Amino acid sequence: MYRSDEVKKGHNRAPHRSLLRATGLKDEDFDKPFIGVANSYTDMIPGHFFLNKVAQIIKEEIRAAGCVPFEFNTIGVDDGIAMGHDGMLYSLPSREIIANSIETMMNAHKLDCMIAIPNCDKIVPGMIMGALRVNVPTVFVSGGPMAKGYTKDGEPIDLATVFEGVGKFESGEITADELSDLECNACPSGGSCSGMFTANSMNTLMEAMGIALKGNGTILALTKEREELYRKAARRVCEIAKMKYEEREKFNIRNILNSKAVHNAFVVDMAMGGSSNTILHMLAIANEADVDFDLSKVNDISKHVSHIAKISPSLTTVHMQDIDKAGGVSAVMHEINKRGDALQDNLTITGESLFERIQDSDITDESIIHRLENPYSKVGGLAILYGNLAEQGCVIKTAGIIGEREFKGRAVCFDSQDEAISGITGGKVKAGDVVVIRYEGPKGGPGMQEMLAPTSLIMGMGLGDSVALITDGRFSGATRGLSIGHVSPEAAEGGMIGLLKDGDEIYINVDTYEISVNLSDDEIAKRKAEFTPKVKPLASRWLRQYRALVTNASKGGVLYAE
């Protein structure tokens, strides 16, 4: 019994079969499982321009395994290209379009199983969210990470190097020729940007969640090894599709991506110092999976997980290909689990349990992946801070901190990213300041722009260890420094970040998970009474719809459904 029987079995489905015959199906195909091949191919994204060829490989394997593939596409936004202008407003909202498109295509056509081909930015979580709504057996296989680049002098570089190079050029530290060297050599091939930025963070977390095959996060794109991973994933989805109904149901994605899988994803996130965006996306994924996961649990996990793998941008000499050679994500999980209480055993899409998958994995290069006895930090690489400045929490990538973990400084406030960029380049920000960028949250932006340009300027101008930055927006996975995002409640909903004034004293302590502004309760009450949030004018009908429905970052920036 198949879901697809609803569109292909019985005399009253003759019109449906007639339409399917027009696509090339034959008599014998109507007794085979129908497999959705959800592709995110687009010419615009370095990690996606080759996915049309990947889909051909996957469809070839599906046909050879006795199933019928049906490819369809989702949209994709390249955050690096969309960044620095109003195109970035569409990045986070694109996640919802992707989830909706997966749900629409799979349910409208009653496909039996799915293989999803994401790689970059919002596309990974969007596809996962859509798959959870459909709840059929789903195998994820990403396009794979990009190789690292090298300068003419042989120094390893990546996209983050170029963004920081802009700041160095602005401050006169490098020449135009040196910036050109970075620009031309940082991204040498197709794939998701080579560091532990958002794309590769999510691609590794899919291994931890058990919805992707071993090596999904680290095997380089455009290699023979990656091609074999595509083929193995295609064969596996067909193995599941051809199982008896009761056995096949066991692999419905909600039976794999459950509360244990969400927990394991955060464990690996802490161990590898993933992008702060993973918090936003994992909260949204947990919401779709009906997993009750409060933001405060992140700190509880962090306290029990050592940070053992440091990757660019946190350590600029290490990239995803280095992690792969050192044992990959499975080696990280194997090492972390030596404590015995970090990971939770759970079914994976390949049929074995997570513990069975990682039991023979070990670190092959301890200079890249550290042992528990020699961690970069005894606690995880991400943290949630709370206080009167962020009553519902905010996020910091502790793995990327430059300088002190405790900071006190005076606020320098900007009501948009563009204002902040002008202020930073214009010399308004000095050592000891706390840069405040507000009205950039899910509702205020709308769409929660990434603040890579301001943070890269701060690093490039030599202020990375002497300036803090807080925002209700978010950061690129390439961000480093004392950068705190996802401040909730956000300014657009009357949060404290919107009430700040230039000169207010702000206190940050990462080790005690605290962020606060030194104001009396009376002064805060007075400011609240006088405060009316700014509302940005919007020509876009879609962004106005999004602004009206979106929740703040502490809830994952998902859309209200009721």
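## A salt-bridge network and helix 10

In this predicted model, a network of salt bridges links E60, E61, E227, E228, R231 and R235. One pair among these residues is E227 with R231, whose closest N and O atoms are 3.0 Å apart. Both belong to helix 10 (residues 224-241), where, being 4 residues apart, they are separated by about one helical turn. An α-helix has 3.6 residues a turn, so residues three or four places apart point the same way. With a relative accessible area of 30%, E227 is partly exposed, whereas R231, at 15%, is buried.

## Salt bridges between loops

The count for the structure comes to 31 salt bridges, and some of them join residues that are not neighbours in sequence, including R474 and E450, whose side chains meet at 2.7 Å, N to O. Because R474 lies in the loop between strand 11 (468-471) and strand 12 (482-488), and E450 in the loop between strand 10 (433-437) and helix 20 (452-460), the pair ties together parts that are 24 residues apart in sequence. R474 counts as buried at 0% relative accessibility, and E450 is likewise buried, with a relative accessible area of 2%.

A salt bridge also forms between the side chains of D31 and K9, at 2.4 Å from N to O. This pair links distant parts of the chain, 22 residues apart: D31 is in the loop between helix 2 (14-22) and strand 1 (34-39), and K9 in the loop between helix 1 (5-8) and helix 2. Here D31 is exposed, with a relative accessible area of 56%, and K9 is partly exposed at 35%.

## Aromatic rings and charges over them

A search of the whole structure finds 4 aromatic pairs. In one of them, the ring centres of F49 and F50 lie 5.4 Å apart with the planes at 85 degrees, so the pair is edge-to-face; F49 is partly exposed at 38% relative accessibility, while F50 is buried at 5%. W542 and Y546 also form an edge-to-face pair, 5.8 Å centre to centre and with 65 degrees between the planes.

Two rings have a charged side chain over them: K8 lies over the face of F34, 4.1 Å from the ring centre, and the charged end of R236 sits over the ring of F251, 4.9 Å from its centre.

## Helix 13

Helix 13 (residues 259-272) has end C-alpha atoms 20 Å apart, which agrees with the span of 20 Å expected for its 14 residues at 1.5 Å a residue. The helix is mostly covered, with 12 of its 14 residues buried. At its start, a side-chain oxygen of N258 reaches to within 3.1 Å of the backbone nitrogen of K260, and just after the helix G273 takes a positive phi of about 60 degrees.

How values were computed:
Residues numbered from 1 in each chain as written. Predicted model: local features only at pLDDT ≥ 70, side-chain atom pairs only at ≥ 80, totals over all residues. Heavy atoms only, no water. Helix = DSSP H or I, 4+ residues; strand = E, 2+ residues; numbered from the N terminus. Expected span 1.5 Å × (residues − 1). Buried < 20%, exposed > 50% of the residue type's maximum accessible area, 1.4 Å probe, protein only. Polar contact = N/O pair within 3.5 Å; in protein donor to acceptor, adjacent residues only side chain to side chain. Phe/Tyr/Trp six-rings, centres within 6.5 Å; stacked < 30°, edge-to-face > 60°. Lys NZ or Arg CZ within 6 Å of the ring centre and 35° of its normal. Salt bridge = Lys/Arg side-chain N within 4 Å of Asp/Glu carboxyl O.
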